[in-house]
Amino acid sequence: MKLVKNDLIKAFSLYEERALMHRRFKHGDILPLLENIRSAGYLAVTEIGQSSEGRSIYRLQYGQGPIKILLWSQMHGDEPTATMALFDLFNFFGGKDDGFDAYRNEIASKLTLYFIPMLNPDGTERFQRRTAMNVDMNRDARATATVEGALLKEQGMLLKPDFAFNLHNQNNYYNIPGTNTPVAISLLAPAYDYARNINATRADAMRVIVGINKILQEVVPDAVAKYDDEHTPRGFGDNFQKWGVRTVLIESGAYVGDSEKMMVRKCNFVALLKAFEEIADQSFEQYSITDYDTIPFNDEKLHDVLLRNLTIEQDGTQIVVDIAIRQNEKTIGSDYCVVGVIEDIGDLQDFYGYVDIDAAGMAFAPAKIYLEPFASFADLDDTIVMGLLNKGYAAVIIDKINPDELLHRFPIRVLTKKNVDFSQRLVLGNAADFFLHRKGKIMYALINGYVIDLTKSLQRHYKNQVL
């Protein structure tokens with residue numbers, strides 16, 4: 001059967017792995033899922049090695065066909081989207097009597113799929129890019145200094161795949177050139193040399209990407225781009241291509257309102273199922289590499305918040321500028337908070353914001369601390385917080401903070417008596433805490449990089465840390 005968009009969306013809705021609905025899952029979260037798959041027997045599950053800290057790394061196999069495909073995910077521990085999508089695929093391959101049996105039979109008879117989910121479990125545990133050895137595994141294809149990198153290369157040499165899928169996440173700030181549309185998925189047939197030559201191997205990878213782009217344009221129209229194709233001689237994708245494996249890079253990007261990457265996860269699922277189909281029946285060969293060239297390259301002009309035409313005062317002089325704010329994530333134990341900082345100040349006409357506000361006619365006002373302490377969080381509620389924000393207070397002091405209250409969801413800074421250092425300056429790299437007013441009336445609060453529209457009801461989506 002030929003799968004169309006509605007088939008693929010239906011398959012995803014049937015087989016999405018509900019145990020993985022938040023992107024900061026750990027190695028321990030996938031172990032029971034792997035055990036269930038092993039017990040059910042529809043994929044072969046093999047422990048192929050361990051990380052430097054002793055966490056097991058697994059390879060799953062589906063099908064017995066002559067065309068071999070190797071896929072790996074999360075070689076960067078903070079790039080989990082494709083791992084979630086792989087577990088959705090595992091569920092799909094375990095299904096039956098759902099209208100997709102003919103597809104499964106076709107794939108199983110023509111392909112052998114090898115999956116290595118969570119190649120960097122130590123990095124995943126810390127939600128960090130690098131391994132426990134602080135080495136970027138995707139820059140370790142030549143040296144193989146990491147046990148995990150050496151394991152991936154060993155699997156490549158052992159299995160001799162015909163195709164490879166290198167599955168990653170890119171940052172949220174890539175956009176389709178000339179638009180404010182975030183790139184949901186970027187694709188690349190990595191270059192195997194500095195000249196970026198195209199041999200038969202790379203050309204086939206490009207054709208597979210054309211097919212992926214075609215189906216994704218139906219799911220996320222005008223939100224697909226190409227990743228930078230500069231040759232990286234120590235990168236795994238570049239080297240797999242050099243070793244004669246048709247290699248496709250898939251970078252999971254961003255989608256508005258999709259902080260946990262559920263829509264982008266669906267895109268991975270759709271892209272991979274369609275790619276398997278077109279590799280199995282060789283229909284990818286119909287595509288022209290000139291169609292690959294029409295896919296735009298990523299641009300990187302997005303910010304979390306962009307304030308345009310804001311009046312500020314410097315050395316007694318009023319000037320009008322644009323302000324960009326970045327909401328960085330900071331890991332705290334098994335959780336995280338947001339750290340909002342001033343990213344740029346100046347002429348940002350050619351840039352975009354997820355939250356994009358024309359502040360013409362508004363002026364900057366520094367934040368204030370409300371100095372009368374609250375006894376505990378129990379004395380704080382949304383009504384009190386909104387009242388303080390409307391008076392220009394961006395921070396409160398709480399006397400008693402319990403260890404489990406170091407993270408909170410109030411849209412206001414929480415300080416302790418021991419820490420009342422609170423910046424009130426608009427300086428690059430400083431915390432993004434200030435107000436926008438028009439003719440003395442406060443219109444917006446910027447608290448830790450979040451925008452609170454004080455003319456509207458409070459929306460609870462904040463992730464702040466006690467300072």
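**Exercise 1.** Which residue in S2 does threonine 46 stand opposite?

*Solution.* The structure is a predicted model, in which local features need pLDDT of at least 70, side-chain atom pairs count only at pLDDT 80 or more, and totals for chains, interfaces and linings use all residues. Residues are numbered from 1 along each chain as its sequence is written, and side-chain values use heavy atoms, with hydrogens and water left out.

Step 1. Locate the strands: S1 covers residues 44-50 and S2 residues 56-62. Strands are DSSP runs (E, at least two residues) and helices likewise (H or I, at least four), numbered from the N terminus.

Step 2. Establish the pairing, which requires at least two DSSP bridges between two strands. S1 and S2 pair in the antiparallel sense over six bridges.

Step 3. Read off the partner: threonine 46 stands opposite arginine 59.

Step 4. Inspect the turn. Five residues lie between S1 and S2 in this hairpin, and glycine 54 in the turn has a positive phi of about 90°.

**Exercise 2.** Describe how helices H3 and H9 pack.

*Solution.* Step 1. Two packed helices are described by the angle between their axes and the distance between the axes. Axes are lines fitted to C-alpha atoms, for helices over the stretch in contact, and angles run from 0 to 180 degrees between N-to-C directions.

Step 2. For H3 (residues 81-93) and H9 (residues 262-280), the angle is about 55° and the axes are 8 Å apart. H3 is therefore oblique to H9; angles under 35 degrees count as roughly parallel, over 145 as roughly antiparallel, 65 to 115 as roughly perpendicular and the rest as oblique.

Step 3. List the contacts (heavy atoms within 4.5 Å). Residues of H3 including Met84, Leu89 and Phe92 meet residues of H9, among them Arg265, Phe269 and Leu272.

**Exercise 3.** What geometry does the aromatic pair of tyrosine 15 and phenylalanine 92 have?

*Solution.* Step 1. Apply the rule: rings of Phe, Tyr and Trp (its six-membered ring) pair if their centres lie within 6.5 Å, and planes under 30 degrees apart count as stacked, over 60 as edge-to-face and the rest as tilted. The count comes to 21 aromatic pairs.

Step 2. Tyrosine 15 and phenylalanine 92 are 5.7 Å apart centre to centre, with 85° between the planes, and the pair is edge-to-face.

Step 3. Place the pair in the chain. Tyrosine 15 belongs to helix H1 (residues 5-15) and phenylalanine 92 to helix H3, so that distant parts of the chain, 77 residues apart, are linked.
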